[in-house]
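Work through the exercises below with the model in view. Try each task before you read its solution.

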Amino acid sequence: MVTDNGNAILDVHNLRLDDPAAFESAVNQIAGVVTVGLFALRRADVLIVAGDDYVKTLNCRASEP
């Protein structure tokens with residue numbers, strides 16, 4: 001898969017990460033990597049979750065002080 005900017009998307013399944021934050025940091029240091037998408041170093045602000053008959057938007061930062 002390729003983004004509209006021509007960047008390759010690598011989708012990996014069933015990868016076991018003992019230290020997701022360290023993995024995210026290491027991958028982000030590779031030249032050409034735009035983003036990792038693990039959200040281990042900074043969690044997402046908003047999640048959009050879809051099911052067969054619904055879409056939910058969850059604001060993840062609302063409960064933080």
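Buried means under 20% relative accessible area, exposed means over 50%, and partly exposed lies in between. Keep in mind that this model is predicted.

**Exercise 1.** Classify Asp 45 as buried, partly exposed or exposed.

Step 1: take the relative accessible area of Asp 45, which is 33%. Step 2: compare with the cut-offs of 20% and 50%. Step 3: Asp 45 is partly exposed, because its value is 33%.

**Exercise 2.** Find how many salt bridges there are, and name the partners.

Step 1: the cut-off is a side-chain nitrogen of Lys or Arg within 4 Å of a carboxyl oxygen of Asp or Glu. Step 2: Asp 45 pairs with Arg 42 at 3.1 Å, N to O. Step 3: Asp 18 pairs with Arg 16 at 3.4 Å, N to O. Step 4: the count is two salt bridges. Asp 18 and Arg 16 are both exposed.

**Exercise 3.** Place Leu 10 and state its exposure.

Step 1: look at the segment before helix H1 (20–28); Leu 10 lies there. Step 2: Leu 10 has 75% relative accessibility, so Leu 10 counts as exposed. Step 3: Leu 10 joins Val 12, Leu 15, Phe 23 and Leu 38 in a nonpolar surface patch of about 480 Å².

**Exercise 4.** Describe the largest pocket and its lining.

Step 1: the space in the largest pocket is about 520 Å³. Step 2: 18 residues line the largest pocket. Step 3: Leu 10 appears again, with Ile 9, Val 27, Thr 35 and Val 36, among the lining residues nearest the centre. Step 4: sorted by class, the lining holds twelve nonpolar, five polar and one charged residues.

Terms used
Residues numbered from 1 in each chain as written. Predicted model: local features only at pLDDT ≥ 70, side-chain atom pairs only at ≥ 80, totals over all residues. Heavy atoms only, no water. Buried < 20%, exposed > 50% of the residue type's maximum accessible area, 1.4 Å probe, protein only. Patch = residues over 30% accessible without salt bridge, like charges linked within 9 Å, V, L, I, M, F, W, Y side chains within 5 Å. Areas by Shrake-Rupley, 256 points an atom, 1.4 Å probe, with all protein chains shown as cover. Helix = DSSP H or I, 4+ residues; strand = E, 2+ residues; numbered from the N terminus. 1 Å grid on protein atoms, 1.4 Å probe; cavity = no way out; pocket = protein on both sides within 12 Å on 5 of 7 lines; lining within 4 Å. Points joined across faces, edges and corners; volume = space filled by probe spheres on them. Nonpolar A, V, L, I, M, F, W, Y, C, P; charged D, E, K, R; others polar.
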